[in-house]
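Let's take a friendly tour of a ligand site. Have the sequence and the model ready as you read.

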Amino acid sequence: MGGSYRPAVGGRYFEDINPANGKLVAHIARSDAADLQLAVDQAQDAFRSWSRTTPEARAEILYAIAGGIARRGEEFALAETLDTGKPIAFSRSVDIPRAAANFRFFAAAATQFASEAHEMPGRAINYTLRQPVGIVGCIAPWNLPLYLMSWKIAPALAAGNCVVAKPSEWSPVTAAMLGEVCNEAGLPPGVLSVLQGLGPEIGEAIVDHPEVKAISFTGGTLTGARIASRAAPAFKKTSLELGGKNPCIVFADCDYPRTLREIERLAFSNSGQICLCGSRIFVEQSLYERLAADLVEALAKLQPADPLDPATRLGALISEAHLQKVHGYVERARLEGGNILCGGSRMPGAGAFYPPTLIEGLGPESACNLEEIFGPVATLQPFATEEEALELANHSTYGLAATLWTENLSRAHRMASALQTGIVWVNTWLLRDLRTPFGGVKHSGTGREGGWEAMRFFTEPKNVCINFGPRNA
Ligand code: NDP
């Protein structure tokens, strides 16, 4: 905060635990409303000059932040893995490079974001100024900590805002390191404050503070609803990226080897702890038995192991409590008559390790098909026709992302148009072009991040109308 580390005003700390071995990683300052007030005071001072810097000057600092993350990439990757239990290979290849890429992308966006002008011929010209909102709150979850935090902070800064940021208490370290990188990159003190602490304390204080004018939140649907209800009476802008229960629809005419390989990735990357992971796998009847058998065989080779081993592809879950929640869903599936094809019980030994679990034989109303588990658990269901696949896929309160696996182009377009999700991937998963809108429909959230959508969210449009018609006309 204010360009330096400081303890919380209340002098309190919380423990940051490595879920792979239960050991303490660090004691982290536990901030609350008093710390937020300091950050807001500094942000108000900083905003006067930061909001008037040129886009080029802001871009230069954002490029320097990207460079700082990249230079310390190994340190960042290690911190992410110790905090979350995710494989170091994943932190190295996904989390950290993508966080740096977010800063590079929005550095460029800052310089390309243009005003619009509309002429009323012979009468007037209207133009739209896009002005920074002011102080904005960015609240991120633990599953992709730096990646998702940078996805918010980078556009907010690019647009000229000051930011109060709260990482999850389960993954605090890389956000603290980001603060250090920002200082080194020349970001003026007060423009960004990272406030560590607990959701109901510092998170809620950020949402409630009258000087925080917009909230960009990624997290669970219930938390999102709570934030929306608190922000609404103050008419704050909110962008809410929430949970998912994503369908993966496999047609018999798919490119089978590629589909099989990708299903393993889309369902179990980061132990299923990615909002975009597919957790309901629908397979055309004629392919069902073959795919189920091949998937079980493939998953036998995908077992959780030491996250620090570069060869590990599956690490630990975020916490013991989360593992218990995930396992609770598997137990419910058993009671509901589900057939556990593989996995289904924790790994022996210490650490929150849970194997990939595939369940078949559950109806669309089972908890495992309706609720977000956010772990390495996916269901398999057969379908007979395209219409049935669509109906099953859309039978969800969520609507984040869907994947389609087919070589039939017309079908791909038809299905993509009819699926009730914010994102549809055809024959791929997690292929991201940062210019495209990102977000979901239904209980998966409101608003979109990415590209101009993010720049629009972090600015207020002001219409200026200049009358140049003849006097007295
Ligand atoms: P939570 O909703 O529990 O927490 C998200 C963030 O909000 C954390 O920083 C948390 O702090 C904070 N928070 C918690 N309570 C409050 C509150 N009352 N007011 C303000 N902030 C609060 O989600 P998880 O961290 O468990 O993340 C998993 C969820 O995130 C899943 O549902 C997943 O689908 C979703 N997600 C959505 C994505 C998307 O783009 N749509 C992407 C990634 C994840 P603390 O952790 O300290 O409690």
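Below are short notes on the ligand and its surroundings.

## About the model

This is a predicted model, in which local features need pLDDT of at least 70, side-chain atom pairs count only at pLDDT 80 or more, and totals for chains, interfaces and linings use all residues. Residues are numbered from 1 along each chain as its sequence is written, and side-chain values use heavy atoms, with hydrogens and water left out.

## Who surrounds the ligand

There are 31 residues around the ligand, and Glu-169, Glu-204, Leu-242, Cys-275 and Glu-372 come nearest (a residue is near if one of its heavy atoms lies within 4 Å). Domain 1 (13–242 + 444–464) and domain 2 (246–426) both contribute to this shell, so the ligand lies between them (domain bounds come from an automatic or database domain assignment).

## Polar contacts

Here a polar contact is a pair of N or O atoms within 3.5 Å. Glu-204 places a polar side-chain atom 2.6 Å from a ligand nitrogen. Two backbones face ligand oxygen atoms: a polar backbone atom of Ala-140 is 2.7 Å from one, and a backbone N or O atom of Gly-220 lies 2.8 Å from an oxygen atom.

Definitions and conventions. Polar contact = N/O pair within 3.5 Å; in protein donor to acceptor, adjacent residues only side chain to side chain.
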